[in-house]
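Please look through the sequence and the 3D structure shown here before reading on. The report that follows takes up one part of the fold after another.

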Amino acid sequence: MSLTFSPSRAIIELGYSCNLKCQNCGLWKKDYRKLRGEEKGDLTLRDLKRIQSELSELGIKRLSYIGGEPFLHKNILELAEHALGLGLYTAAVTNGSAFDEKKIEEIVCKNLFKAIVFSIDGPANVHDFIRGKKGAFEKAVWAAKFFRNIKNKSKKRFPKIYVYCTVSKLNYKYMYDTFKIASSLNANKLRFQEASALSKADLNETAALLGLPKAGWHAYINENRLNKEQREIAAKTVRRIKSCGFSMKVEAEASLEGRKNNVCHFAGRDMVITPCGKLLICPMLTSLEAGDLKKESLKEILASKSEAAASLAQRAQNGELPICAKCCVEKINI
Ligand code: SF4
Ligand code: SF4
C-alpha cells in the first residue's frame with residue numbers, strides 16, 4: 001500500500017536567536033545552527049513569502065512561527081500580514097519578552113494572528129529560574145495583559161491567548177499556581193506538556209532504527225524529566241485543575257493524566273521549515289531531512305518524499321521510536 005504525506009500545518013522556525021536561557025532547552029548552549037547543519041544563509045523575506053504562497057496553493061492553511069524567539073525576527077509582522085492576505089491561519093509561540101505596545105497594537109488591529117502561545121513555567125521566581133532571566137515572567141505577563149486590554153478596547157476576538165506550561169522536575173509542584181496565573185490572564189486555553197528530556201541512548205537507538213547517523217550533541221538532552229512519583233503528583237494536580245469547572249479550556253499531555261504517552265500527533269500532520277529552508281518531518285530528528293526549499297518547491301518535496309515521511313509518521317504513531325516517549329512535541333491530538 002502506498003503511503004502519503006500530506007501535512008495540514010507548517011511550522012516555520014524564524015531563526016535561532018533568543019533572549020532567554022531556558023534550562024530545558026539547549027538552543028542557546030551551543031551553536032544550534034551547527035546542530036541543524038546550517039552553515040548556509042537563512043531564507044530571505046522573499047523566499048519565506050514564496051513558501052507561504054505555496055502553502056496556500058497546496059491548501060495547507062495552518063501556519064505557526066517559532067524560534068528561538070520568533071518576535072525577535074524583524075519581518076515577523078510583515079510575514080504574518082502576507083499570510084493573512086493568503087487566507088492562512090497563523091499562530092506564534094513566544095516566551096513573551098520581546099513585545100512592546102506598538103507591536104501588540106499592530107498585531108491586534110490588523111488581526112495578524114489567530115493565536116499567540118505564551119510559555120509560562122510557573123510563578124515569577126520559578127519561571128525566571130527556569131528561563132534563566134530575572135524579569136522574564138513580568139514581561140510575559142505584561143504582554144499577555146496588554147493583548148487582552150487592546151483586544152477589549154478594539155473589540156477584537158483575536159489573537160486568542162494560550163498559555164503552555166512545560167512541566168519538568170523543576171516546576172511540577174507549581175502547576176496549580178500556573179493555572180491561577182493563566183486564569184488571571186483570561187487565557188483562552190492552558191496546556192500542560194512534559195518537557196523534552198532525551199538521553200543519548202534514546203537518540204542513538206532511534207537513529208539505528210531509522211538508519212540515521214549516530215546522534216551527537218542535541219538541544220534536548222537533559223535530566224529534568226519527571227520520575228514516576230513526580231508524574232503522579234502532576235497527574236493529581238491536573239485532575240484537581242480540571243475539576244474546578246473553570247471556563248478556560250485545560251489540556252494535558254497523556255502522561256500527565258496517567259496514560260501512556262508514546263504516540264506522536266505531529267509527524268505526518270505537521271512539517272518544520274528551518275531558517276535555512278530545510279524541510280523536516282520531525283523537529284527532533286534533525287538529520288532526517290525531507291528536502292531543501294532553497295532548491296526545490298514544496299510541492300516537489302512533498303511529492304518525492306511522501307512515502308519516506310509517511311513511513312516515519314506511521315512508526316512514530318505506532319510508538320516504535322524510543323525518542324518519542326520523551327519528546328514534548330504535540331502529544332495532544334488537537
Ligand atoms: S525554550 Fe524558547 S525561550 Fe527558552 S531558550 Fe529555548 S528558544 Fe529561547
Ligand atoms: S514524538 Fe517522535 S516523531 Fe513525534 S515529533 Fe517527537 S520525536 Fe518526532
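## A loop with a cis peptide bond

In this predicted model, Gly-68 belongs to the loop that lies between strand 2 and helix 3. The peptide bond leading from Gly-67 to Gly-68 is cis, and its omega is near 15°. Both Gly-67 and Gly-68 are also among the residues around ligand 1, a group that further includes Cys-18, Cys-22, Cys-25, Trp-28 and Asn-95. When the shell around ligand 1 is sorted by class, it has six nonpolar, three polar and two charged residues.

A second cis peptide bond is found from Phe-158 to Pro-159, where omega is near 0°. Pro-159 sits in the loop that lies between helix 6 (136-154) and strand 5 (160-167).

## The sheet as a whole

Strands of a sheet pair through backbone hydrogen bonds, and they may do so in a parallel or an antiparallel way. Here 10 strands form an open sheet with mixed pairing, and their order across the sheet is 7-6-5-4-3-2-1-8-9-10. At the edges are strand 7 (249-252) and strand 10 (289-292), each of which pairs on one side only. From one strand to the next, the twist averages 20°.

An antiparallel pair is found where strand 9 (residues 278-280) is joined to strand 10 by three bridges. Within this pair, Leu-280 has Glu-289 of strand 10 as its bridge partner.

## Parallel strands and the helices between them

Strand 2 (residues 62-66) and strand 3 (residues 89-94) are paired in the parallel sense over four bridges, and the bridge partner of Leu-63 in strand 3 is Thr-90. Together with helix 3 (residues 76-85), strand 2 and strand 3 make a β-α-β unit that is right-handed. Strand 3 also runs parallel to strand 4 (residues 115-119), to which it is joined by four bridges, and in this pairing Ala-91 stands opposite Ala-115 of strand 4. A right-handed β-α-β unit is made here as well, by strand 3, helix 4 (residues 101-109) and strand 4.

Strand 4 pairs in turn with strand 5, in the parallel sense and over five bridges, with Ser-119 opposite Tyr-164 of strand 5. Strand 5 and strand 6 (residues 189-194) pair in the parallel sense over six bridges, and there Thr-166 stands opposite Gln-193 of strand 6. Between strand 5 and strand 6 the chain passes through helix 7 (residues 175-184), in a β-α-β crossover that is right-handed. How far is strand 5 enclosed by the rest of the structure? Seven of its eight residues are buried, so strand 5 is largely enclosed.

## Two residues with positive phi

Which residue in the loop between helix 4 and strand 4 has a positive phi although it is not a glycine? This is Asn-111, found in that loop, with a phi of about 60°. Because a residue counts as partly exposed when its number of other C-beta atoms within 10 Å falls between the limits of 12 or fewer for exposed and 20 or more for buried, Asn-111 is partly exposed, with 16 such atoms.

Lys-155 likewise is a residue other than glycine with a positive phi, in this case near 55°, and it lies in the loop between helix 6 and strand 5. Is Lys-155 buried or exposed? Lys-155 has 6 other C-beta atoms within 10 Å, and it is therefore exposed.

## Ala-207 and its surroundings

Ala-207 lies in helix 8 (residues 200-210), and it is partly exposed because 19 other C-beta atoms lie within 10 Å. Apart from its neighbours within four places in sequence, Ala-207 is in contact with Leu-212, Pro-213, Lys-214 and Ala-215. Along the chain, Ala-207 and Pro-322 are 115 residues apart, while their C-alpha atoms are separated by 9.6 Å.

## The shell around ligand 2

Which residues come nearest to ligand 2? Of the 13 residues around it, these are Cys-264, Cys-282, Ala-316, Cys-324 and Cys-327. The shell around ligand 2 is made up of 13 nonpolar residues, with no polar and no charged ones, whereas the shell around ligand 1 has three polar and two charged residues beside its six nonpolar ones.

Note on methods: Residues are numbered from 1 along each chain as its sequence is written. Chains are lettered from A and ligands numbered from 1 in the order in which they are written. This is a predicted model: local features need pLDDT of at least 70, side-chain atom pairs count only at pLDDT 80 or more; totals for chains, interfaces and linings use all residues. Two strands pair if DSSP finds at least two bridges between them. Axes are lines fitted to C-alpha atoms, for helices over the stretch in contact, and angles run from 0 to 180 degrees between N-to-C directions. A residue is near a molecule or strand if its C-beta atom, placed from the backbone, lies within 6 Å of it. Ala, Val, Leu, Ile, Met, Phe, Trp, Tyr, Cys and Pro count as nonpolar, Asp, Glu, Lys and Arg as charged, and the others, Gly among them, as polar. A crossover is right-handed if, with the strands pointing away from the viewer, the path from the first strand over the helix to the second runs clockwise. Two residues are in contact if their C-beta atoms, placed from the backbone, lie within 7 Å.
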